[in-house]
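Here is my note on this entry, set out as numbered points. Please read it with the structure open beside you.

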Amino acid sequence: MAEGAPQSPAHSERVDVAANLAAVKERIAAACVRAGRPRDSVTLIAVTKTFGPERILPALEAGHRTFGENRVQEAEAKWPPLKERFPDVALHLIGPLQTNKAKVAVALFDAIHTVDRAKLARVLAKEMEAQGRRIPCYVEVNTGEEAQKHGVFPQDADALIRECRDDLGLPLAGLMCIPPLDEEPSLHFALLHKIAERNGLSGLSMGMSGDYEIAVEFGATAVRVGSAIFGARG
Ligand SMILES: *Cc1c(COP(=O)(O)O)cnc(C)c1O
């Protein structure tokens, strides 16, 4: 960007990404201690949606390698050059996926957290087979049964899990949820944990900037943290 060019407020704001990242990691470690869990049982997914390389680079330079994006197209534009410089990056898709983007998603991402319907599961299974690339998937559960949100309802989760894992042979790592904004997140984390347990799944993708420590205490194996690391979005 040319010197003196106007910047959007989100990008001119001073954010110490490396310090924020270190603080979040420390809080995760403390939550693990409280929960009596080993620190390496929780993966921090640093969520970079809306942020450009200048904001992401400090995290990469600090040694962080696991990142999340919520849009296929945005990730496709942003990450290939970064992956060239940091080939051991693991990129997680944490936003809704349309079946017509499944091919690109399977090629670009290292995990998909948003399998929420049988049709998508079937297309993903076919793509993984075609590309010879088996990437871990999570079934997204709409624990709050919110009409505007993605995710299978809790009462339909067992059937979708069975179809993904047993019928399609999808590499199922676990379950994911996004609790309703105005509700106590722990109830939703506990519900997700219960559904995973009765299905013999160990992965729990839950917890964001506002509630990742609670999520760790309720068994999260992957927390998805954006603004607490990279600052407010636009
Ligand atoms: C944006 C996003 C996050 C991160 O949200 P923050 O509140 O900024 O930490 C986590 N999960 C999903 C699915 C998201 O879309």
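1. A search across the whole structure, which is a predicted model, finds zero disulfides. For two of the cysteines the reasons can be followed through their sulfur distances and their burial, as set out in the next two points.

2. Cys 137 has its closest cysteine sulfur in Cys 164, and because the two sulfur atoms are 7.6 Å apart, they are too far for a bond, given that a disulfide requires a pair within 2.5 Å. Cys 137 is also buried, its relative accessible area being 0%.

3. For Cys 177 the closest cysteine sulfur again belongs to Cys 164, but at 17 Å the pair is likewise too far for a bond. Cys 177 is buried as well, with a relative accessible area of 0%.

4. Turning to the ligand, the space that it takes is the largest pocket. The residues that surround the ligand include Val 47, Lys 49, Ile 94, Met 176, Ile 178 and Met 208, and also Ser 209, Val 225 and Arg 233. By class, the shell around the ligand divides into six nonpolar, three polar and three charged residues.

5. Which atoms of Arg 224, Gly 226 and Ser 227 lie close to polar atoms of the ligand? Arg 224 places a polar side-chain atom 2.9 Å from a nitrogen atom of the ligand, whereas Gly 226 has a polar backbone atom 2.8 Å from a ligand oxygen atom, and a backbone N or O atom of Ser 227 is 2.8 Å from an oxygen atom of the ligand. Taken alone, the ligand exposes 390 Å², of which the protein buries 90%.

Methods:
Residues are numbered from 1 along each chain as its sequence is written. This is a predicted model: local features need pLDDT of at least 70, side-chain atom pairs count only at pLDDT 80 or more; totals for chains, interfaces and linings use all residues. Side-chain values use heavy atoms; hydrogens and water are left out. A residue is near a molecule or strand if one of its heavy atoms lies within 4 Å of it. A polar contact is a pair of N or O atoms within 3.5 Å; within protein, one must be able to donate a hydrogen and the other to accept it, and residues adjacent in sequence count only if both atoms are side-chain atoms. Accessible areas come from the Shrake-Rupley method with a 1.4 Å probe; for residues, only the protein chains shown count as cover. On a 1 Å grid over the protein atoms alone, a cavity is a set of points where a 1.4 Å probe fits but cannot get out, and a pocket is an open set with protein on both sides within 12 Å along at least five of seven lines; lining residues have an atom within 4 Å of a point. A molecule sits in a cavity or pocket if more than half of its atoms lie within 2 Å of its grid points. Ala, Val, Leu, Ile, Met, Phe, Trp, Tyr, Cys and Pro count as nonpolar, Asp, Glu, Lys and Arg as charged, and the others, Gly among them, as polar. Buried means under 20% relative accessible area, exposed over 50%, partly exposed in between (1.4 Å probe, protein chains only).
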